[in-house]
Amino acid sequence: MDPTVPSRPPAPPFRRPPATGPAPPGPVCPGDLPPVHDALVCVALPSFAVSPQHGQLTGQGLEGVYHSGRRVLSRSHLRVAGRDPVTVQGRLLSADRARFVAVVRTTAGPGPDPGVGVERVRCADGTERITFRSSVGRTLRLPVEIALGTDLADLGAVASGRPSAELRAAVHDSGLRWSAPDGGHATVTADPPPEDTLASAGLLRWELELRPGTARTIALDVRVIVPGATRPVGRTGGHSLLADARAEGDDPRVERFLRVGLDDLRALLVRDPAHPADLHPAAGVPWRCGPAPAEALWAARMALPLGTRLAVTTLRTVARTQLSGPGPGAGRIPGPLRDTGPHLPPSCTGTEATLAFPTVLAEARHWGLPEQDLAALLPAAERCLHWLRTAADDSGLLREPGPAGLQRAETQAHAHRAALLGADLLEACGRPGADYWRDWAHALRHCFQDAFWLDDPTGGRPAAARTPAGRPLPHLGGGAAHLLDTGLLGCGRFADGLLDKVQTEQLARLLGSPALDTGWGLRSLGAKEPAHNPFGHRSGAVRVHETAVAVAGLATAGYEREATSLLRGLLDAAEAFAYRLPEMFAGGQRTTDSAPVPHPAACRPSAVASAAGIHLLTTVAGIRPDVPAHTVALHPMRGAPLGALRLSGLCVAGEPFAVRVSRLGLGMVEEAAPGLQLGV
């Protein structure tokens, strides 16, 4: 053996975690969630890998590789020549791959310079390639060992700090295998096969010969069987639903802003288990991989500039959950409750999803939804409108289900938009009811202005909600931005909102004020409101979705100064987060030497945050299609807040679409479907 590298030292004593038996199942308390803000998370659902910056999986916290909600690998600890390599860099290469660069100093060379480089590339499914490169001037014989382990625990148990005991491994092929009592099992095989395998400690060992300037690679392949697991989407599935859009311009950041968001959105796509051809976006990783119809619909809506296929498959998936039969709930889409901060009880995301359904379908039609898909989905949209008719009170206001019975401003905005876009949809499809819903929306608008607008010496504000007794709850938050999200109609027009012109101007002023605009994005609760908490996910943190909604609503209403401030702030935040925006981050006020502060438990990536880049850049370009009328209108932001901008690879009417905006805020279509004319 060459004396330049120490011979393999005796293996340190391995202490298996105490065999305490499986942890009792229980709900995950939000306060118990382990921090993930500094982890590198590779995603290709239903698999994802949570790695620390150094790349060694130790089984601590949430570390590990997960598939369909089970941790299939909790430990993957590499040692070279008896020591841990020194990690000098860890970063994401793409949504589903992370790269860790480490070094090992040998006794062959003088001084502190390391002679061996180690590169680990880990994929979302746990597959890993470990490459060793020698810069030493003589041949090395390098002892390498990898300690592997898993508990095959449910994500909920891991998150709550009650995972099962680590399972005992068995030798399997050129690696190890672990089996769970429920029939699930995981295997790790290595290429080249290890020279020594110690199953009791989960150890694989090699002695690699490295000649000067050469490299050797060990590949680890992870295979898993989890009862009830869904089939991965794969790269082709995501690309078939979302066009390969590209952005370029004076601000060089727009390219990565769009590319990373699109990559993450594809990585979050999951199959409907009963209908595997239908994909929809999960809300976020790691905590929200289950059904979340409201977030799935909002993400699909923001991604409409990339084609209508994702909207179709998401709408089909959500429609299959719609309640049927007689009764007051008929037509409603079920959804989980969502915490709404310190002033309001949890809200029902099912109500939000029910009202979003006709909106997404109506807007998808304007982007070029095929007639056969529209006809198939229209009955579900009509059932959503039927539910709205039965659920609203005599004044048209909609109460939240449950004992509190609050009337939320956001919910009224969703209902008003659903009514107007639903009327547009019904009329276009030759169905009855369009006039009824326009009249209903008109009455709701007047009722809302009387019941929710609170006048004061500063110009007034919308109430966040009203109690059943009619008492307004006046706190101001980012949710008010939904009042400006009125929805796209035909001929490039946006629907009227709930507020009149004076009230809209006042709301724009409030959204642009330091109380709500942090300089990085929009606070979920104003800084001057009682119980404000910059880390509260509905009580002061910046929520990316609400910020994107505010930018689009403000720009559409003509308040470009406020829209530009939020847009530039969010783009600056995206750069600080390496363009993978979390669903939320701390709402501290921006200063000259500050940076956005992550929330320790935020989902990252998140579907609505990933789709926000698409929504924001197409807002800057002002693309307003009406494919049934064979027109597309351009209304770019006049101030050109990002300078010259070009978007290509979009999809309108099922064909490639490209647009350019000049530094003067003038738009020009460069590529479009045959027969598509420029509208006004």
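**Figure 1. Arg-91 and its partner across the S7–S8 pair.** In this predicted model, Arg-91 stands opposite Arg-99, a residue of strand S8. Strand S7 comprises residues 86-94 and strand S8 residues 97-104; the two run antiparallel and are joined by 7 bridges. Together S7 and S8 make a hairpin, with 2 residues between the strands.

**Figure 2. Surroundings of Leu-93 in strand S7.** Strand S7 also contains Leu-93. Is this residue buried, partly exposed or exposed? Its relative accessibility is 31%, and Leu-93 therefore counts as partly exposed, since that class lies between the limits of 20% for buried and 50% for exposed residues. When residues up to four places away in sequence are set aside, Leu-93 touches Ala-98, Arg-99 and Val-121. Arg-99, one of these contacts, is also the residue that stands opposite Arg-91. Asp-424 is 331 residues from Leu-93 along the chain, and the C-alpha atoms of these two residues are separated by 44 Å.

**Figure 3. The open sheet S30-S31-S35.** Three strands form this open sheet, in the order S30-S31-S35 and with mixed pairing. Its edge strands are S30 (623-626) and S35 (677-678), each of which pairs on one side only. Strand S31 (residues 631-634) pairs with S30 in the antiparallel sense, over 4 bridges. Within this pairing, Pro-625 has Val-632 of S31 as its bridge partner.

**Figure 4. The protein chain as the setting of the close-up views.** How many helices and strands does the protein chain contain? There are 13 helices and 35 strands. The radius of gyration is 27 Å, close to the 26 Å that the globule rule gives for 680 residues, so the chain is as compact as a globular protein of that length. The C-alpha trace spans about 85 × 55 × 50 Å along its principal axes. Among contacts with a separation of 6 or more, 64% are between residues 24 or more positions apart.

**Figure 5. Burial, surface and charge in the protein chain.** Of the 680 residues, 58% count as buried. The chain exposes about 26700 Å², of which carbon and sulfur atoms supply 54%. The chain carries 69 positive and 66 negative charges, and the mean positions of the two sets are 4 Å apart.

Definitions and conventions:
Residues numbered from 1 in each chain as written. Predicted model: local features only at pLDDT ≥ 70, side-chain atom pairs only at ≥ 80, totals over all residues. Heavy atoms only, no water. Rg over C-alpha atoms; globule rule 2.2 N^0.38 Å. Buried < 20%, exposed > 50% of the residue type's maximum accessible area, 1.4 Å probe, protein only. Contact = heavy atoms within 4.5 Å. Areas by Shrake-Rupley, 256 points an atom, 1.4 Å probe, with all protein chains shown as cover. Lys, Arg positive; Asp, Glu negative; His and termini not counted. Charge placed at Lys NZ, Arg CZ, Asp CG, Glu CD. Pairing = 2+ DSSP bridges.
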